[in-house]
Structure formats: C-alpha cells, structure tokens
Amino acid sequence: MTAQSSPRPGSVGTGSVILVGGGPGAVELLTMAAVTALEQADVVLFDRLAPNDDLASLAPRAILIDVGKRAGNHPVSQTGIEGLMVEHALAGQRVVRLKGGDPYVFGRGSEEVLACHRNGIPVTVISGVTSAIAVPAAAGIPLTHRGISHAFTVISGHAPLTDNELEGLTLLGSTIVVLMGVGTLPTFSQGLLRHGMSAGMPVAIIERGFSATQRTTVSTLSTVLADAAAAGVRSPAVLVVGEVVRLAFSGDTSAEELVARAAAFEETD
Ligand code: SAH
C-alpha cells in the first residue's frame, strides 16, 4: 500500500513528508490513502498535472502551494521544491507533496525522497494511478491484449532517444508508451521508421486525459507528424505506438467493429 522509509529518526518536533501520487487528473482516481493524507496535511505542494481543482476541499486545513511543474516550465526549480518541502517539514508540518500520476514514474519522486533522507525527515510514498496506463485506457486502448502485445515499455520523450533505444524498441515489437513526447515526436517517429518499424504501425496521441477537452488522434507511424501538426497536438499528451491502438474507440466505432478487430488478431495467435 504505502512504502515507509525513514533511515534516521527525525529530531524532536520534525514533521514528515508524504509523496502522494495524484493520478492523471480525475479526483475519482485518487487512492483512499491519498485522500486521507490530504485530509491530514498542514502543507500541500502541488504540480500542475495533479488534480488541483478540488484541493481546497480535499485538504481543508492545509496551506496550498502551487509549484506549477509542467512540461518545459518549472516556475519553482526542483531544488526550490525540495527546499520548501524540507523547510516546512523541519518546522514540524505534515507536508504532502502531491504529484501527477505516480510519484516514481518520471516524477523526480526518488530525488525528493532522497532530499528528505538527507535532512532526517520521515518520508512515505503513496503510489498513484499513472497516466502511462490510465490515459490510454481513457481512450479505450489496452496496453496488452492476448495475441496482440504481451509487453509494454513506458519511456520518457523528454530528450531524444538513442539509436540503441530505438532499435531495442523496434526489435521488442510490443506496445510503446511515451510520456512528455510531443516535442520529440519528429525524431522519435522517424527514428523508429529508420530502424525498420512498419510505416503503417498504428499510433495514438491522447491529449489532456480526463479533462473536458480530452482528445485522441489516431494515425500511423509514417503519417503521425503531419496528422499531429494538422490537429495542433500539444502537451500534456500520452503517445501509444502499437497494434493495440486498433482497439481504441472513437465516436464512430461500433462495439461489433472493436470485437471483430480483436478477433482478427486472436485467429492468428
Ligand atoms: N508521474 C506522472 C508522469 C509525469 S511526466 C505519471 O505517472 O503519470 C508528465 C507527463 O505525463 C506529461 O507530459 C504527459 O505525457 C503525461 N500526462 C500526465 N497526465 C496526463 C494527462 N492527464 N493527459 C495526458 N498526458 C498526461
């Protein structure tokens, strides 16, 4: 459930830090442990992608501090965030560090845990529902499906991938999920093609999962750049590359059609 970690006891009067995974943005996808931690918090440091609309009611006693982290824009630096977290905990406060998705998936959560360890602050991690799985699911895309894909790789597109990584992903032949991948879409899609992935490989880009403006763009590896540009795709978005994208539902796909697509794979299993 939660992972307790406190190598040295805090000095008398020291508070604590809980890193809370806030899920992909929907309040309903907060865990019960997350809700309890928020209820009891004195201070909440939250990111842009964490569910923050209802924070005042979820954390009624807390001071709410927006550290505003989003792609390419960190108004409070990582060192600044860690400094605030440590400062409030050392002042005896129960600090919740509310992060989007899961704290240990590209969230720099492990760095924040180490900052607590360095300062003798008891720290706990509450896992959250990661956007890597939940955002594709919100578009009807399963990451695995018998006969289609029995593995998935979650990768950060923050920096361009190396040739070895692109080759490895192509050879693995299973589902690829990219977070923070809008900026590097050109080098990523062209790199996979260069390493031999088929031009017709389905690709989905799901923007703003769980918001009122959630949108899915379905394309193929060779056309995704043009399609993303035409649609004006923007961060935050989750990219999915793989045959499982054929199971995505859109307004004009009937249930019969989806069942038939899956059955077509099972026959060749
Ligand atoms: N720890 C987070 C990921 C942090 S990296 C997690 O487990 O989900 C931030 C990236 O996550 C964004 O650039 C985007 O790729 C993805 N992301 C997070 N929430 C999202 C959402 N609601 N819709 C689309 N993408 C999202």
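In this predicted model, the buried residues of helix α3 pack against four strands, β2 (16-21), β3 (43-46), β4 (63-66) and β5 (94-99), and against one helix, α4 (109-118). The buried set in α3 consists of Gln78, Ile81, Glu82, Met85, Val86, His88 and Ala89. The spacing of such a set is easy to read with helix geometry in mind: an α-helix has 3.6 residues a turn, so residues three or four places apart point the same way. The length of α3 holds no surprises either. With 13 residues (78-90) at 1.5 Å a residue, the helix should span 18 Å, and because its end C-alpha atoms are indeed 18 Å apart, the two values agree. After α3 comes glycine 92, which has a positive phi, near 95 degrees.

Strand β2, one of the partners of α3, is also where valine 20 sits. Valine 20 has a relative accessibility of 0%, so it counts as buried. Setting aside neighbours within four places in sequence, its contacts are Ala34, Ala37, Val96, Arg97, Leu98, Lys99, Pro103 and Ile126. Serine 57, by contrast, is 37 residues away along the chain from valine 20, and their C-alpha atoms are separated by 17 Å.

On a broader scale, the protein splits into domain 1 (2-129) and domain 2 (132-268). The C-alpha centres of domain 1 and domain 2 are 31 Å apart. Across the boundary, eight residues of domain 1 touch eleven residues of domain 2.

Turning to another helix pair, two packed helices are described by the angle between their axes and the distance between the axes. For α6 (residues 163-172) and α7 (residues 185-194), that angle is about 65 degrees and the axes lie 9 Å apart. Their crossing is right-handed. On the α6 side, Asp163, Leu166, Leu169 and Thr170 make the contact, and they meet Phe188, Gly191, Leu192 and Arg194 of α7. By type, the residues of this contact come out as four nonpolar, two polar and two charged.

Phe188 of α7 turns up again among the contacts of leucine 239, a residue of strand β11 (residues 237-241). Besides Phe188, leucine 239 touches Ile176, Val177, Val178, Gly181, Leu185, Ala204 and Ile205, with residues up to four places away in sequence not counted. At 1% relative accessibility, leucine 239 is under the 20% cut-off and therefore counts as buried. Glutamate 207 is 32 residues away from leucine 239 along the chain, with 8.7 Å between their C-alpha atoms.

Key:
Residues are numbered from 1 along each chain as its sequence is written. This is a predicted model: local features need pLDDT of at least 70, side-chain atom pairs count only at pLDDT 80 or more; totals for chains, interfaces and linings use all residues. Side-chain values use heavy atoms; hydrogens and water are left out. Helices (H or I, at least four residues) and strands (E, at least two) are DSSP runs, numbered from the N terminus. The expected span of a helix is 1.5 Å times one less than its number of residues. Buried means under 20% relative accessible area, exposed over 50%, partly exposed in between (1.4 Å probe, protein chains only). Contact means heavy atoms within 4.5 Å. Axes are lines fitted to C-alpha atoms, for helices over the stretch in contact, and angles run from 0 to 180 degrees between N-to-C directions. A crossing is left-handed if the near helix is turned anticlockwise from the far one by less than a right angle, and right-handed if clockwise. Ala, Val, Leu, Ile, Met, Phe, Trp, Tyr, Cys and Pro count as nonpolar, Asp, Glu, Lys and Arg as charged, and the others, Gly among them, as polar. Domain bounds come from an automatic or database domain assignment.
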